[in-house]
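Thank you all for coming. I would like to walk slowly through one structure today, beginning with how its parts meet and then turning to a few of its helices.

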Amino acid sequence: MSDCNHCVGLSRSRFLHRAAAEAGRGLPAIEPGMPAPAGTGLSRRSFLAHSAGAALAVYGASKLGLRALDEGIAAAASSPAQPVIVSVFLEGGADALSVLSPQGDPLYKKLRPHLALSGGPAFSEDDRLHWHPAAAALATLHSEKKVTVMPAVGYTNADQSHFTSRHYWEVGATSTALRTGWLGRYLDRVGLADNPLQGLSLDDTLAPALATAKMPVSSIDGPDQYDFWSNRVWGEVEDRMLAAIGALGLQPTDAGLQAAGGVAAQVDRLRTQLLPFQGQDGKPGYTSPVAYPKSDDAFPRRLAGLAAMLGAGLPLRCVALSAPGQYDTHSDQAASLASGLQLTTDSLLAFQRDLEARGLADRVLVHVWSEFGRRAGENGSGGTDHGAAGVGFLVGTRAKGTMVGEFPGLKAGLDEEGNVKATSDFRAVYAGVLEQWLGTDAAAVLPGVDSFARPALVK
Amino acid sequence: MSGVATFAGSFDVAQAERLLWRAGFGPRKGEAEALARLGLDNAVHTLTYPDREQLVGPAPKDEKGRPLAPYDAWGHDHVWWIDRMVRTSRPLVERMTLVWHDWFATSDAGVNSQRLMLNQNQLLRQHALGSFPELLTQVTKDPAMLLWLNGSDNSKWSPNENYAREMLELFTLGAGRGYTESDVRQNARALTGFRNDWKRGVGSVNFRYDPSAHDAGTKTIFHKRGAFTWKDSARLAVLQPNHPSFFVTKLWSYFVPTPPDDATRRALERMYVTSDKRIKPVVTAILKHPALYDGPRMVKSPAVFNAGLLRLLARGVDTTAYAWLGSMAGQRLFSPPNVAGWDESRWLDTATWRGRWWIATYVLKPYALDPSTATQPFDAQALLDAALDFWNKPTLGDATRSALLGFAQSALGDAGRTSWKRKQYAVMAQNALRHLIAVSPEMQAA
């Protein structure tokens, strides 16, 4: 991996070098006003303790933290860089007929008298379709052959419940009984018992698609947002306290205690892995080589943090995020869809450019999905109700860039309930990702998937 | 007899404590001991037939000492409810209000009115242990729900299926359990007629039932034909044969982490149906069931965890930080993730665990000892005993005890022979032990 000037000491080689150099060596105590020691790159959280005339200032990371960190980095370094899949969920059922609007279909305006869109970049693979103006960033990437489009993806006999359909997509099968996610089962096959970063939700809670049966996975708001604070505890005692979190994980047989303890152990591991990213004064402990959209929403910040983590060589494999915006557009669809779509796609474009600048673009594939599309005919509230097939994308330098399944049209392409019929199956897409991108046996991860032909997704 | 098994073991402090965590927000000091003396039946009776509510403890305020403004100020709705959980003398009523908030999960993200959310909250509290069909009927016309699931967008001119679907899928029957897509659409027609206006600067107002907006035609729902209205819609749903099993299984899941066996479920269904679908008899039976006492621990929800820590310390609410801390821990009240509510089987992950850590940070703030002035024994075991006393002696397993003791020993060991360190590290270790106990597995699952 190349050393990059933008990564503020977080490139893989310098990171490893530093961790090795610091491990086992105590950090010096410093006086207030002294600059942070050069070269550590560690956040300087100084606490002033006015006690007996003495003042203490200590670093947030200690020899304890660094030792654990060093082990984690060493383990990651000993294995080759892995391909990364990033799952971006448009929660609520995104309206495919707006994201790629069939302006050239004669029935479109009849079905959508108030909501029909006009204009937007033309879609080069089907002259009936136009990109939503708010999704121009995807059109740009598509023109660079970095987007594989699935214009009508879903499954037969689509379930119109958010929760049932979303569950199917999350577990990778039309089964209500499965409890592990499709990416979680992949990690159970290839993951490590001591690396929670291999399955990472950049979210408030863990994405169900990452739920594993055995291997640890994690959820964080962002790599620079994983700090722990206790009132009037600092220095060596604080280091010992934080190190003790992991010891709380060793629990006997009770299922409830194991749940609480098991997470404590993962917290401990993750905290040490992320120590170098802790920022100071509200700034993250990394910088990005490109500008991300400014927003109150965490999505662009999380993608920037993700690129920085990848740049530092952290051992990520599967990452999940929720897209910003409101996609369950039963009413006032025009305005609410556009703003979320704009921020989502602009952020994805910035992320792609960030990866390109860091020389990482050939290692990352982004999958954008939603639990279903919406009904072809609009409802009376300026919105649309739940439908069947929706739209999905694979974004990345290695995405094949040619459409999977065609847009079926609004005449022959609707089922008897007025919903778009699927021309590609989400399980086939997953199988293609597992085999062509992640290099694993799809049949071992997705039950019954061998009945689906695999589309070509990756170049 | 009801045919539902009752816990026959000894009802001691440990069982009383578990009951208070499952049916409320944990014990105040001495409460579990007092409850244990009553025996199981009387203990449950005090919860299901409580005296008039008394709020015990200091009135809530924000960080500047001002009264809360739950209708208006961001986050004050959340801490207003946390305070009610902390101070109430009717914990089961409050806990059931939380259950219904999850069951009929409505979010201010779609309602955009804390006042309407709190009005709904009062509705849920009022019917917390009453009749389920009545609760469903009231929720169906509740303004917050009408906004959240587009009930007042649904008219004969422009049907909107949102509420019609979730009513069947999430509130009464369960996904794929005895209804068709046609039932959903016909149900939506029956539910037409609610309206409201939008007033600039005020928001959604004038909620009403307008017969002229109602589709008065014949509908076919569950193979029955009739000119059904919204009241019929609620009535027909709870008459479906799949409703009682949905109701008792879902209700059970809020109190016991393992599903009921078939015989128990069937007995609870009979009890529910023969009691005219009243909630209280079913809850009473669940609270006395052996599975609650013999089974594994259950991870507390973040709101229960937060309110429970405050109750244990008899500490009032004096910060609105609990609102954003609730988000971090995965349960911002009045803002469930979606209409299916919170996933009770997945409260804990590395992000939400950190949220709980920070909740403990804020709860413990006024108790933190100053290392420069306080004194603590330079003795690991004595420090641990004192920290356990601070939390009213929670029962910790050997693994947790040895982790805590190991921490205290190494923290004191770091002090070496330096005298100021020996003094200060003991105090800091006491602060840290209290924090580590608060986030220990035993305090997060009861």
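What we have on the screen is a predicted model, and I start inside chain B, where 34 residues of domain 1 of chain B are in contact with 30 residues of domain 2 of chain B. To place these two parts along the chain, the domain assignment gives residues 13-294 to domain 1 of chain B and residues 302-444 to domain 2 of chain B, and their C-alpha centres are 32 Å apart.

If we look at the side of domain 1 of chain B that touches domain 2 of chain B, at least two residues each are supplied by α1 (13-23), α3 (76-87), α4 (91-103), α5 (108-111) and α9 (162-172) of chain B. Which of the helices provides the largest share of that side? It is α3(B), with nine residues. Sorted by class, the residues of this side of domain 1 of chain B are 17 nonpolar, seven polar and 10 charged.

Let me now move to the helices, and first to α12 of chain B, residues 243-253, whose buried residues are His243(B), Pro244(B), Phe246(B), Phe247(B), Val248(B), Leu251(B) and Trp252(B). In general, an α-helix has 3.6 residues a turn, so residues three or four places apart point the same way. The buried residues of α12(B) pack against several other helices of chain B, namely α7 (132-140), α9, α11 (230-239), α13 (262-274) and α14 (279-287).

Two of those partners, α7(B) and α11(B), also meet each other: their axes come within 10 Å and cross at roughly 145°, and the crossing is right-handed. On the α7(B) side the contact is made by Phe132(B), Pro133(B), Leu136(B), Thr137(B) and Thr140(B), while α11(B) brings Trp230(B), Lys231(B), Ala234(B), Arg235(B) and Val238(B). By class, the residues of this contact are six nonpolar, two polar and two charged.

Finally, let us step outward to the meeting of the chains, where 62 residues of chain B are in contact with 55 residues of chain A. On the chain B side, the elements that give two or more residues are α9, α18 (350-364), α20 (398-415), α21 (419-438) and α22 (441-444) of chain B, and α21(B) gives the most, with nine residues. The side of chain B that touches chain A has 28 nonpolar, 22 polar and 12 charged residues.

Definitions and conventions. Residues numbered from 1 in each chain as written. Chains lettered and ligands numbered in written order. Predicted model: local features only at pLDDT ≥ 70, side-chain atom pairs only at ≥ 80, totals over all residues. Domains from an automatic or database assignment. Contact = placed C-beta atoms within 7 Å. Helix = DSSP H or I, 4+ residues; strand = E, 2+ residues; numbered from the N terminus. Nonpolar A, V, L, I, M, F, W, Y, C, P; charged D, E, K, R; others polar. Buried ≥ 20, exposed ≤ 12 C-beta atoms within 10 Å, placed from the backbone. Axes fitted to C-alpha atoms, helices over the stretch in contact; angles between N-to-C directions. Left-handed = near helix turned anticlockwise from the far one by under 90°.
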